[in-house]
Amino acid sequence: MGNCTKPSVKDDLKKDRALRPEEIDELHKAFVEFDRNKKGYISQRDLGECMRTMGYMPTEMELIHLSQQIGGKLDFEDFVELMGPKMLAETADMIGVKELRDAFKEFDSNGDGQISLTELREAMKKLMGEQVTHKEINEILKDVDLNGDGLVDFEEFVRMMSR
């Protein structure tokens, strides 16, 4: 018999879940950004930079190994195959959706499904006391409010909490 190790529960969770549409969308945005000549490929030279922009820190050895595997360039399908498991491993460590929804409800005091600047200010003061200035809260909102509507929806909240 070969050297066989029992997979962990976390490994099982990673295998059981497919990438969600928003995760594929995130991968696609990164891919398009680094498909410099718009030919449907990322060069092996750009792969390391792309991975770092997505928050992964590949070592030089990993990059050498990857470049040997991909043979010069990587199409989107290969990119998803490479980055998908990394993304799933990352989300396996994240707080569960139920916990995030509960936290969101705490921030969303009027229950309208969005966190306004006033609600964000109230929640931050509860969490951090009086040391949070209006300017700091405005900066947080500006950083988190991806669609620029002046409100934080659940998706934006999840991104804020996973930083």
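Me: Which residues does I140 touch, not counting residues up to four places away in sequence?

Reply: This is a predicted model. In it, I140 touches L120, M124 and M160, leaving out residues up to four places away in sequence. I140 itself is found in helix α8, residues 134-144.

Me: How far apart are I140 and M160 in sequence and in space?

Reply: They are 20 residues apart in sequence. Their C-alpha atoms are 8.9 Å apart in space.

Me: Is I140 buried, partly exposed or exposed?

Reply: The cut-off decides. Buried means under 20% relative accessible area. I140 has 24%, so it is partly exposed.

Me: Let me step back. What is the order of helices and strands along the protein chain?

Reply: The pattern is α-α-β-α-α-β-α-α-α-α-α. That comes to nine helices and two strands.

Me: What share of the residues is buried, and how much area is exposed?

Reply: Of the 163 residues in the protein chain, 30% are buried. The chain exposes about 11,100 Å². Carbon and sulfur atoms supply 54% of that area.

Me: What part of the contacts comes from residues distant in sequence?

Reply: Take the contacts with a separation of 6 or more. Residues 24 or more positions apart account for 54% of them.

Me: Where does UniProt place the EF-hand domain feature?

Reply: The unreviewed UniProt entry places "domain: EF-hand" at residues 22-57, 95-130 and 132-163. Consider the span 22-57 in the model. It is 64% helix and 8% strand. Its end C-alpha atoms lie 22 Å apart.

Me: Now the cores. Which residues touch the most other members of the largest nonpolar core?

Reply: The general idea comes first. In soluble globular proteins, nonpolar side chains tend to be buried together. Here the largest nonpolar core has 20 residues. L27, L47, C50, M51, M54, F79 and M83 touch the most other members. Helices α2 (21-34), α3 (44-53), α4 (60-70) and α5 (76-92) each supply at least two residues of this core. α5 gives the most, with five residues. A second, separate core has 16 residues, including L100, F104, L141 and V144.

Me: Pick one member of the largest core. What is M51 in contact with, leaving aside its neighbours within four places in sequence?

Reply: M51 is in contact with Y56, P58, L63, L66, M83 and K86.

Me: How do I read the buried side of a helix? Which residues of α2 are buried?

Reply: List the buried residues, then look down the axis. In α2, E23, L27, A30, F31 and F34 are buried. Seen down the axis of α2, they fall within an arc of 100°, so they line one face of the helix. The face turned away from that buried side carries the exposed residues P21 and K29. For length, α2 has 14 residues and reaches 20 Å from its first C-alpha to its last. That is close to the 20 Å expected at 1.5 Å a residue.

Me: Which residues of α4 are buried, and which are exposed on the other side?

Reply: L63, L66, S67 and I70 are buried in α4. Viewed down the axis of α4, these residues fall within an arc of 100°, so they line one face of the helix. On the other side, M61, Q68 and Q69 are exposed.

Me: What phi does G71 take, just after α4?

Reply: G71 takes a positive phi of about 65°.

Me: What about K38? What is its phi?

Reply: Start with the background. Most residues other than glycine have a negative phi. K38 is not a glycine, yet its phi is positive, about 55°. K38 is found in the loop between α2 and β1 (41-43). Its relative accessible area is 56%, so K38 is exposed.

Me: Two glutamates to finish. Is E119 buried or exposed?

Reply: E119 has a relative accessible area of 5%, so it is buried. E119 lies in helix α7, residues 117-128. Leaving aside neighbours within four places in sequence, E119 is in contact with F107, D108, S109, N110, D112 and Q114. S109 is 10 residues from E119 in sequence and 6.5 Å away in space, C-alpha to C-alpha.

Me: And where is E155 found?

Reply: E155 is found in helix α9, residues 154-161. Its relative accessible area is 46%, so E155 is partly exposed. The C-alpha atoms of E155 and V144 are separated by 9.8 Å. These two residues are 11 residues apart along the chain.

Definitions and conventions:
Residues are numbered from 1 along each chain as its sequence is written. This is a predicted model: local features need pLDDT of at least 70, side-chain atom pairs count only at pLDDT 80 or more; totals for chains, interfaces and linings use all residues. Side-chain values use heavy atoms; hydrogens and water are left out. UniProt positions are given in the numbering used here, feature names are shortened, and annotations may be inferred rather than shown by experiment. Helices (H or I, at least four residues) and strands (E, at least two) are DSSP runs, numbered from the N terminus. Buried means under 20% relative accessible area, exposed over 50%, partly exposed in between (1.4 Å probe, protein chains only). Contact means heavy atoms within 4.5 Å. Accessible areas come from the Shrake-Rupley method with a 1.4 Å probe; for residues, only the protein chains shown count as cover. A nonpolar core is a set of buried Ala, Val, Leu, Ile, Met, Phe, Trp, Tyr and Cys residues joined through side-chain atoms within 4.5 Å. The expected span of a helix is 1.5 Å times one less than its number of residues. The arc is that of the directions from the helix axis to the C-beta atoms.
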